[in-house]
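Here is a short note on charged pairs. Please read it with the model open.

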Amino acid sequence: MKNAFWYIIAAAAPPHAALVESLEARVAEGRPISVREVLEAAYLPYLALLMNPAFGPTAAKFMSRLLVEADEELQGIINRTVGPYFMRSLSLLREAMPHLDEETMKLRSLITVTNVIHGAGDLQALQNSPFGDVSGGDPLNTLHQLFEYMAAALAAPATPLTPAIQARMAATLLAGANP
């Protein structure tokens, strides 16, 4: 299992590094970067690898299951391996979204990672969704929509958890826990 993980990460690492380096160079020159560009640099190499017809669906499902079933030792290996890539992406997100605090940015970034990996592991769900077939038959448009969604969610202003929101959420959670 660990060997398969290393293979997937090693195959995606060079394109990821090149994309991130190009954005870092723009920042160093004082040129602006967008949230979407950072997301593309962070995720497109992995998505391209996982969408490879030769082993893509299997690799995508493997990565998704790996994250769900990883014990503490394997989670440590994963974090040490991909952590540097995502820390570089986080640094770029700071440039693209200076209005967000660090903790919000980290949490939202982790949510996007989870969505990308689990979504890539279940692409066929697009054809059998509660809304019918939403795959559209065009993988590039699907990726475009994914990046549009993630960029908007990441860059949205952080709002406080007000007492009214907290009460509504708690009531709903308690109702669901005690049917």
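The points below cover the salt bridges and their settings.

1. Basis. This is a predicted model, in which local features need pLDDT of at least 70, side-chain atom pairs count only at pLDDT 80 or more, and totals for chains, interfaces and linings use all residues. Residues are numbered from 1 along each chain as its sequence is written, and side-chain values use heavy atoms, with hydrogens and water left out.

2. Count. The whole structure holds six salt bridges (a side-chain nitrogen of Lys or Arg within 4 Å of a carboxyl oxygen of Asp or Glu). Three of them are described here, by residue pair.

3. Glu 24 and Arg 88. Their closest N and O atoms are 2.7 Å apart. The pair links distant parts of the chain, 64 residues apart: Glu 24 sits in helix H1 (residues 2-28), Arg 88 in helix H4 (residues 72-96). Helices are DSSP runs (H or I, at least four residues), numbered from the N terminus. Glu 24 is partly exposed at 29% relative accessibility. Arg 88 is also partly exposed, at 25%. Buried means under 20% relative accessible area, exposed over 50%, partly exposed in between (1.4 Å probe, protein chains only).

4. Glu 37 and Arg 26. This salt bridge has its closest N and O atoms 2.9 Å apart. Glu 37 belongs to helix H2 (residues 35-50) and Arg 26 to helix H1, so the pair ties together parts eleven residues apart in sequence. Glu 37 is partly exposed at 27%, whereas Arg 26 is buried at 19%.

5. Arg 36 and Glu 40. The closest N and O atoms of this salt bridge lie 2.7 Å apart. Both residues are in helix H2, four residues apart, about one turn of the helix. Shared partners join Arg 36, Glu 40 and Glu 148 into one network of salt bridges.

Note on methods
Helix = DSSP H or I, 4+ residues; strand = E, 2+ residues; numbered from the N terminus.
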